[in-house]
Amino acid sequence: MEARCGRLLTALVVTVLGAAGCSKGVATAPKPGGTAPPAPLQLRLGYEADLTQAGALIGVQDRVFSNSLGPDVTLTATVFKGGPDEAAALQSGTLDAAYLGPNPAIAASVASKGGVKIISGASSGGAFFMTKYAIKTPADLRGQKVAVDEAGDTQDVALRTWLKSQGLNPNPGGNVTVVTMPNASMLAAYKQGSIAGAWVPEPWASQFQVEGNAKVFLDEASLWPGGRYPTTVLAVRTAFLQKEPDAVANLLVGQVAANDLVSRPSAQIETDALGAIKALTGVTFSQAVADLSWLHLAFTNDPLPSAVTADGAHALFLF
């Protein structure tokens, strides 16, 4: 395991430094009487409160990222409700790096003409279309409302792509209505009968099943070759990468270390990840939800580029 992670770390760091075109090297203390050292660099990181971003949750919660970045970099981490908001923050320059779904990352890269780059994978799988048991075939979704957390995010693109492949129309005035709401609000809406289901990542999918008596209508993995598709990637502003290649390389060191922890989680790591989601959303998960969620997750530093390309093509077809 250590040898494999070491080789991967080397490859990631070399990739980042090569993309930046240079390395700033190791900072040295000023000579007596010289100029005072500069203020610590700030790295502004965005992430979301779900288990497909467990590496980010642990990286922030357990200070894995702060340790890998070192004392000369101050990490400012901000939770977002969804990838499109993170993408907008990357484009505007209010974030330097973000964990988000591949579709918002692609959209930001295209809109900024390469101003945003995907530099690592984070997770694969863990997204499901959960529905009430009365939905037995795609045709049963006609006239129904189904939820995603944010328009234009990866789950929204996946849901709309699948609905269209089934001859259904999720566009305004179509025969299926796609509504947006925070993941943390969906179960209550489902229990109240205002939605028939939702396309959600873990742990929200397992919460639907355990606490809402919903069924897995579709595991998104079944739609991809070998069941492998990116749920979360790590992206950075290209300008930040070029200006601060060492900071980005060290962030990648933390990314690999955090993913190693969540790939073989201890009870403490599971508790920390779900505790972070509770702190960010106010939602407490039962042990049954937690246990089921972790079974559905895979963590990879490989961004799965062919699947990312396919995701981009899906979004282009839809919008």
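Asp260 is buried, with a relative accessible area of 15%; buried denotes under 20% relative accessible area, exposed over 50%, and partly exposed in between, with a 1.4 Å probe and protein chains only. The side chain of Asp260 forms a salt bridge with Arg264, the closest N and O atoms being 2.8 Å apart. A salt bridge is defined here as a side-chain nitrogen of Lys or Arg within 4 Å of a carboxyl oxygen of Asp or Glu.

The model is predicted: local features need pLDDT of at least 70 and side-chain atom pairs count only at pLDDT 80 or more, while totals for chains, interfaces and linings use all residues. Residues are numbered from 1 along each chain as its sequence is written, and side-chain values use heavy atoms, with hydrogens and water left out.

**Salt bridges**

Five salt bridges are found in a search of the whole structure. Three of them are listed below.

| Pair | Closest N to O distance |
|---|---|
| Arg237 and Asp96 | 2.6 Å |
| Asp156 and Arg160 | 2.8 Å |
| Asp260 and Arg264 | 2.8 Å |

Arg237 forms its salt bridge with Asp96. This pair links distant parts of the chain, 141 residues apart: Arg237 belongs to strand 10 (residues 230-237), whereas Asp96 lies in the loop between helix 4 (83-92) and strand 3 (97-100). Helices (H or I, at least four residues) and strands (E, at least two) are DSSP runs, numbered from the N terminus. Both Arg237 and Asp96 are buried. Together with Arg44, these two residues, Asp96 and Arg237, are linked in a network of salt bridges.

Asp156 and Arg160 are four residues apart in helix 6 (residues 154-165), so about one helical turn separates them. An α-helix has 3.6 residues a turn, so residues three or four places apart point the same way. Asp156 is buried at a relative accessible area of 1%, and Arg160 also counts as buried, at 14% relative accessibility.

**The two sheets**

Strands 2-1-3-10-4-11, in that order, make up an open sheet of six strands with mixed pairing; two strands pair if DSSP finds at least two bridges between them. The edge strands are strand 2 (73-80) and strand 11 (298-299), each of which pairs on one side only. Strand 4 (residues 116-124) and strand 10 run antiparallel and are joined by seven bridges. Within this pairing, Lys117 has Val236 of strand 10 as its bridge partner. Helix 2 packs on the sheet, touching strand 1 (41-48), strand 2, strand 3 and strand 11, and its direction makes about 140 degrees with that of strand 1. Contact means heavy atoms within 4.5 Å. Axes are lines fitted to C-alpha atoms, for helices over the stretch in contact, and angles run from 0 to 180 degrees between N-to-C directions.

A second arrangement is an open sheet of five strands in the order 7-6-8-5-9, again with mixed pairing. Strand 7 (177-180) and strand 9 (215-219) stand at the edges with a single partner strand each, so one side of each is left without a neighbour in the sheet. From one strand to the next, the twist averages 30 degrees. Two bridges join strand 6 (residues 145-148) to strand 8 (residues 197-201), which run parallel, and Ala147 has Ala198 as its bridge partner in strand 8. Helix 6 lies across strand 5 (127-131), strand 6, strand 7, strand 8 and strand 9, at about 135 degrees to strand 8. Helix 8 lies across strand 5, strand 8 and strand 9, running at about 135 degrees to strand 8.

**Helix 11 and the nonpolar cores**

Helix 11 (residues 267-281) has 15 residues, which at 1.5 Å a residue should span 21 Å, and its end C-alpha atoms are 21 Å apart, in agreement; the expected span is 1.5 Å times one less than the number of residues. Its buried residues are Ile269, Glu270, Asp272, Ala273, Leu274, Ala276 and Ile277. Their cover includes helix 2 (54-61), helix 8 (204-212), helix 10 (245-263) and helix 12 (287-295). Gly282, with a positive phi near 85 degrees, follows helix 11.

The largest nonpolar core has 56 residues, of which Leu43, Ile195, Phe208 and Trp294 touch the most other members. A nonpolar core is a set of buried Ala, Val, Leu, Ile, Met, Phe, Trp, Tyr and Cys residues joined through side-chain atoms within 4.5 Å. Helix 10 gives the most to the largest core, with six residues. Apart from this core lies another, of 21 residues, among them Ile135, Leu163, Leu168 and Val178.
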